[in-house]
Amino acid sequence: MLKKQKPLVPFVLNTINPLQNEQKDQNLLKESDVLNKLKKEPNILLALHFFKSIANSNSFKHTPLTYTTMIKRLGYERDIDGIQYLLQLMKLEGISCNEDLFVIVINAYRRAGLAEQALKTFYRIGEFGCKPSVKIYNHVLDALLSENKFQMINGIYNNMKRDGIELNVYTYNMLLKALCKNNRVDAARKLLAEMSYKGCIPDAVSYTTVVSSMCRLGKVEEARELSMRIKSFVPVYNALINGFCREHKMEEVFELFNEMAVEEIDPNVITYSTVINTLSEMGNVELALAVLAKMFLRGCSPNVHTFTSLMKGYFMGGRLCEALDLWNRMIQEGSEPNTVAYNTLIHGLCSYGKMVEAVSVSQTMVRNGLFPNETTYSTLIDGFAKAGDLVGASEIWNKMITNGCLPNVVVYTCMVDVLCRNSMFNHAHHLIENMANGNCPPNTITFNTFIKGLCCSGKIEWAMKVLNQMGQYGCAPNVTTYNELLDGLFNAKRTREALQIVREIEEMEIKSNLVTYNTILSGFCHAGMFKGALQIAGKLLVGGTKPDSITFNAVIYAYCKQGEVKTAIQLVDRLSNKGEGYPDVFTYTSLLWGVCNWIGVDEAIVHLDKMINEGICPNRATWNALVRGLFSKLGHLGPIHIVDNILANGKVTC
């Protein structure tokens, strides 16, 4: 809900008589009395009434200080018209304006989001008997930067040079920020050099602005080289560490820690929290705990961000109890949970299906004075959606609307998901239409969720229509959209249409990912298109996509179906030697079927024995494949005799 703008006070200096108790004392008014009244009166309307009253009397003439005080108060109320009127009145009365007053006016424009008007007023500064100073220039630059008026910032810089204004460190820092905000880091580095050349020594803000921007743009190594030529500051190290953490280059991160120790620079809580957060996201919680221990040893107390990062790592690693213990410890340590911390806990509980506990945490959050936001509600709705609980999701949705929190696209998408999981596709489609008609248009993820739901229920025709309608809502299909359609078409045995989708992906130059290749591989295999499946596998490898167990299993299945069992055996042996978790039970199930059908019983027993020795336990599908394969070769033996032979010769202990 948009707050209604406060009505502007009509600024006309009328001839209203002052209050009676003020009339008695007007002859005694001093500047200090007026200032005290203007500052302490909490009601801006009463303060303005007092200002106008004495302005129309002959007992007190407003001074630059009283005008400044009133303009400052109007600035906080964003009454720009009132400020303009007072400035004009000062001009008519010949009261000069100093730089402090102009700083107040410019900041008022900044708060009102009127940077261009601030600039126009600045260019009239001479009319008010004030000369531009570096301080005023800095505030004008800050106002323009807040709205990213980059071209105007460049003009101001040129004016300063023309007028001989000597730039200070604050000016340079704002110019550096403007350049970096527009990704012009090379120009920022040149300005940094100019700064030093002109005798203005860069400070921690100067270097941190440039280094952090370089890291954000992926130029971490260049940022590292720059940092080695400058004075060391903790914020600069933090920017570098954050840059290397984003690239998961932890060896370089710990080298920076060692360098800080050599230079006797103590890492702060931001340094440690950044590293702990990255290690937790990488799943290396043990190393994150070691960093936390180091943090305690160095006398640096963790804050709520530190605990939240580590808790997130526990949840991701499947360590629910430890995550909850850490939450309790955070409370005991006196770190007050914020909204991010509560959302992390709620997300973790939802990921384990503990919806009752997650809702309870959201209620505790409210009791502690923190209101759930869109992330809180979307997490809860998503949790109920994954549990297929439409009632729970609807209750959270209604609570969200009741509490005045407007749903964003993530929340809408979660509701589309839960409706699809409950086969309420008409309701889901209606919700998407409501999004489009409102101020929250659906995005590609929303449509992907809807298409997935339709495909999983076999409603392929409807899914294809939704694909064609996406453009009407300003959305373009991505690789995930096509992956869902491919999966639905292959499952429905509509191979010809699936091939058309594959061609469409190529024509639109959408880069296929591993899911795309695996979906096509599996689809081709189930359709008996084994040669095509192997061609897709070759394309995957040539394109540089790293295969996973699903890829290998599909390829081995295709080789075995084509009778190229020896090639499949060689591939399985290579996978076993790599030690990356391949092969698995599905790999051996396909291989045993192929060996039984194309080579012979004895070879199958060898591979069964090898499978068990590798700690891979056959499942029901494995035994079915083995028994069927053996039965087709040894039809004269009964199934019971075959199984006896397997158990005797294969040394099966599962």
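**Exercise 1.** Which side chain does a polar contact join to that of Thr63, and at what distance?

*Solution.* The model is predicted: local features need pLDDT of at least 70, side-chain atom pairs count only at pLDDT 80 or more, and totals for chains, interfaces and linings use all residues. Residues are numbered from 1 along each chain as its sequence is written, and side-chain values use heavy atoms, with hydrogens and water left out.

Step 1. Thr63 is located in the loop between helix H3 (44–55) and helix H4 (64–76). Helices (H or I, at least four residues) are DSSP runs, numbered from the N terminus.

Step 2. The partner is Glu31, whose side chain is joined to that of Thr63 by a polar contact of 2.5 Å. A polar contact is a pair of N or O atoms within 3.5 Å; within protein, one must be able to donate a hydrogen and the other to accept it, and residues adjacent in sequence count only if both atoms are side-chain atoms.

Step 3. Thr63 counts as buried because its relative accessibility is 19%, and buried means under 20% relative accessible area (1.4 Å probe, protein chains only).

**Exercise 2.** Determine why Cys405 forms no disulfide with the closest cysteine.

*Solution.* Step 1. A disulfide is a pair of cysteine sulfur atoms within 2.5 Å.

Step 2. The closest cysteine sulfur to that of Cys405 belongs to Cys440 and is 11 Å away, too far for a bond.

Step 3. Cys440 is likewise in no disulfide; its nearest cysteine sulfur, that of Cys475, is 11 Å away. The structure holds 0 disulfides.

Step 4. Cys405 is buried at 12% relative accessibility, and Cys440 is buried with a relative accessible area of 14%.

**Exercise 3.** Check the length of helix H18 (residues 304–316) and describe its surroundings.

*Solution.* Step 1. The expected span is 1.5 Å times one less than the number of residues. For the 13 residues of H18 this gives 18 Å, which agrees with the 18 Å between its end C-alpha atoms.

Step 2. Of the 13 residues of H18, 10 are buried, so the helix is largely enclosed by the rest of the structure. Among them are Phe307, Leu310 and Tyr314.

Step 3. The cover over the buried residues includes helix H16 (269–281), helix H17 (285–297), helix H19 (320–332) and helix H20 (339–351).

Step 4. At the N-terminal end, Asn303 caps H18 through a side-chain oxygen 3.0 Å from the backbone nitrogen of His305. Gly318, with a positive phi near 75°, follows the helix.

Definitions and conventions:
Helix = DSSP H or I, 4+ residues; strand = E, 2+ residues; numbered from the N terminus. Buried < 20%, exposed > 50% of the residue type's maximum accessible area, 1.4 Å probe, protein only. Contact = heavy atoms within 4.5 Å.
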